[in-house]
Amino acid sequence: MEGRILLPEFTPIKYGRFSPLGDLKVSSFAPLSLFYVNAKRGGFVKSRHGLTLSSSKNAYFKMGPQCKREAAEEDASVGDLGGLETKPRRKNLAVFVSGGGSNFRAIHEATLDGSVHGDIVVLVTDKGGCGGAQYARDKGIRVILFPISKNEPDGLKSNDLIDTLRRCNVDFILLAGYLKLIPVELVKSYSRCIVNIHPSLLPAFGGQGFYGMKVHRAVIASGARYSGPTVHVVEEEYDKGKILAQRVVPVFASDSAEDLAARVLEEEHRLYVEVASALCEERIVWRDDGVPLIRSTEDRNAYN
C-alpha cells in the first residue's frame, strides 16, 4: 500500500517504512528516499532505518531517488540543525564513455568549479584507448574496462562491475556516449539512478542503431525542423526510459549532419551539467506515473 506524508506548502514525499515521527504519521511507502530532515529546534538521529526527531514539531523534508545500493555511511549520526536548509552530502558519480567523452569532460569541469555537488570517482569504458579514458587517467580518475571482450580481455564481468561500483560508493551512473547495452543486473542494482544523454528529441530517432552522426543524418533526411538532446532514465532497452530533460535546437535548411551535430553537442554539455547538478542536489521528484521531474532551484514548487 502506498502512503504519503502531507505537509502544508510542501510536495508529498514517499519513503520506505517509518514509525510515527512526533506529530507526523508515517506509514508504508514506495521507493523514494528521504535523505535528511531539518528541524527548526532540537537535534535529530539519522539511521539507515529512518529518522527520529527530538524537541521539534516542525520538520522540513527533502528527498531524492533511492538507489538500491546502501551508501557507505555510519548507521547513525547525531546533529544539531539550527537553520532551515542543510546541503546534501557530495555525491559519487560514475561516468561511462566509448569515445572522446566531451560530455564527461564538461561534467568533470563542473564538479571542479562547484556547479555540480559531486565527484566523478570512476570512469567506465569499453575502449581503454579512447579519448575519454585518457582524459580520466590524466586527471587521476580511476578507469575500469567493461565489458570483457576480445579487444579488452582485462574487462570486468557484470557482477564484478557492480561490486566495484559499490566499493566506490557510487550514487549515480551517467552514460556519456557509451555504446554498449547496459546489463540488466546493473539496471536493477541502480534502479532510477542511471541516466543517459541522446542527441535527438526522444522518442524520435532513438533505439538500437541510432547513435552519433547516424542520428543527425536521419533527422535531416526526415525534414524535421527541430532537434536537440534528451537525458532519460536508463532501462533495459535502448532509449526507452522516462525522459528527464530535453533542450530544443533548430534544424536549418542548409544544415549538414556535422552542422546539426555541433549545435546539438553544445546544448548537450549545458543540459547534462544541469541534470548532474539536480541529481547531486537531490532535486529529482518522481510523479505517480513514474515520470521524473527536476525541481527548480528558485521555487521548490516549480519544475523544470
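## A predicted fold and its nonpolar cores

The largest nonpolar core of this protein has 56 residues, and those with the most contacts inside it are Phe96, Leu165, Ile173 and Leu186. The largest share of this core, eight residues, is contributed by helix α6, which covers residues 257–280. The model is a predicted one, and the descriptions below should be read with that in mind.

Leucine 186 shows how such a core is put together: leaving out residues up to four places away in sequence, leucine 186 touches Phe96, Leu161, Ile162, Leu165, Ile173 and Ile194. A second core, separate from the other, has six residues, among them Val215, Val219, Val249 and Val264.

### The protein as a whole

The chain folds into six helices and 16 strands. Of its 304 residues, 48% count as buried, and the accessible surface comes to about 14900 Å², of which 51% belongs to carbon and sulfur atoms. When contacts between residues at least 6 apart in sequence are considered, 63% of them join residues at least 24 apart.

### The seven-stranded sheet

Seven strands form an open sheet with mixed pairing, and their order is β8-β7-β6-β9-β10-β12-β13. Which strands stand at the edges? They are β8 (142–145) and β13 (243–246), and because each has a single partner strand, one side of each is left without a neighbour in the sheet. From one strand to the next, the twist averages 25°.

At one of these edges, strand β12 (residues 230–233) is joined to β13 by three bridges, and the two strands run antiparallel. Within this region, histidine 232 stands opposite isoleucine 243, which belongs to β13. Elsewhere on the sheet, helix α2 (residues 131–138) lies across β6, β7 (118–125) and β8, and the helix runs at about 135° to β7.

### Two buried residues

Serine 98 lies in the loop that links β6 (91–97) to α1 (102–113). Is this serine 98 buried or exposed? Its relative accessible area is 6%, and a residue counts as buried when this value is under 20%, so serine 98 is buried. The side chain of serine 98 reaches the backbone nitrogen of leucine 179 at 3.0 Å. Not counting residues up to four places away in sequence, serine 98 touches Thr125, Asp126, Lys127, Cys130, Gly177, Tyr178 and Leu179, and leucine 179 therefore appears both in this list of touching residues and as the partner of the serine 98 side chain.

Valine 215, one of the residues of the second core, is placed in helix α5, which covers residues 213–222. Valine 215 is buried, with a relative accessible area of 0%. Leaving aside neighbours within four places in sequence, valine 215 is in contact with His198, Pro199, Ser200, Phe205 and Phe210. How far apart in space are valine 215 and alanine 261, from C-alpha to C-alpha? The two are 46 residues apart in sequence, and the C-alpha atoms are 8.8 Å apart in space.

### Backbone features in the loops

Most residues other than glycine have a negative phi, and most peptide bonds are trans. Against that background, the table lists backbone angles that deserve a second look.

| Residue or bond | Backbone angle | Source of interest |
|---|---|---|
| Phenylalanine 146 to proline 147 | omega near 0° | cis peptide bond |
| Leucine 202 to proline 203 | omega about 15° | cis peptide bond |
| Arginine 192 | phi about 65° | positive phi, not a glycine |
| Phenylalanine 205 | phi near 55° | positive phi, not a glycine |

Where do these residues lie? Proline 147 is placed in the loop between β8 and α3 (158–167), while proline 203 lies in the loop between β10 (194–198) and α5. Phenylalanine 205 is also placed in the loop between β10 and α5, and phenylalanine 205 is partly exposed, with a relative accessible area of 22%. This phenylalanine 205 is one of the residues in contact with valine 215. Arginine 192 is found in the loop between α4 (184–189) and β10, and arginine 192 is partly exposed, with a relative accessible area of 28%.

Conventions. Residues are numbered from 1 along each chain as its sequence is written. This is a predicted model: local features need pLDDT of at least 70, side-chain atom pairs count only at pLDDT 80 or more; totals for chains, interfaces and linings use all residues. Side-chain values use heavy atoms; hydrogens and water are left out. A nonpolar core is a set of buried Ala, Val, Leu, Ile, Met, Phe, Trp, Tyr and Cys residues joined through side-chain atoms within 4.5 Å. Buried means under 20% relative accessible area, exposed over 50%, partly exposed in between (1.4 Å probe, protein chains only). Helices (H or I, at least four residues) and strands (E, at least two) are DSSP runs, numbered from the N terminus. Contact means heavy atoms within 4.5 Å. Accessible areas come from the Shrake-Rupley method with a 1.4 Å probe; for residues, only the protein chains shown count as cover. A polar contact is a pair of N or O atoms within 3.5 Å; within protein, one must be able to donate a hydrogen and the other to accept it, and residues adjacent in sequence count only if both atoms are side-chain atoms. Two strands pair if DSSP finds at least two bridges between them. Axes are lines fitted to C-alpha atoms, for helices over the stretch in contact, and angles run from 0 to 180 degrees between N-to-C directions.
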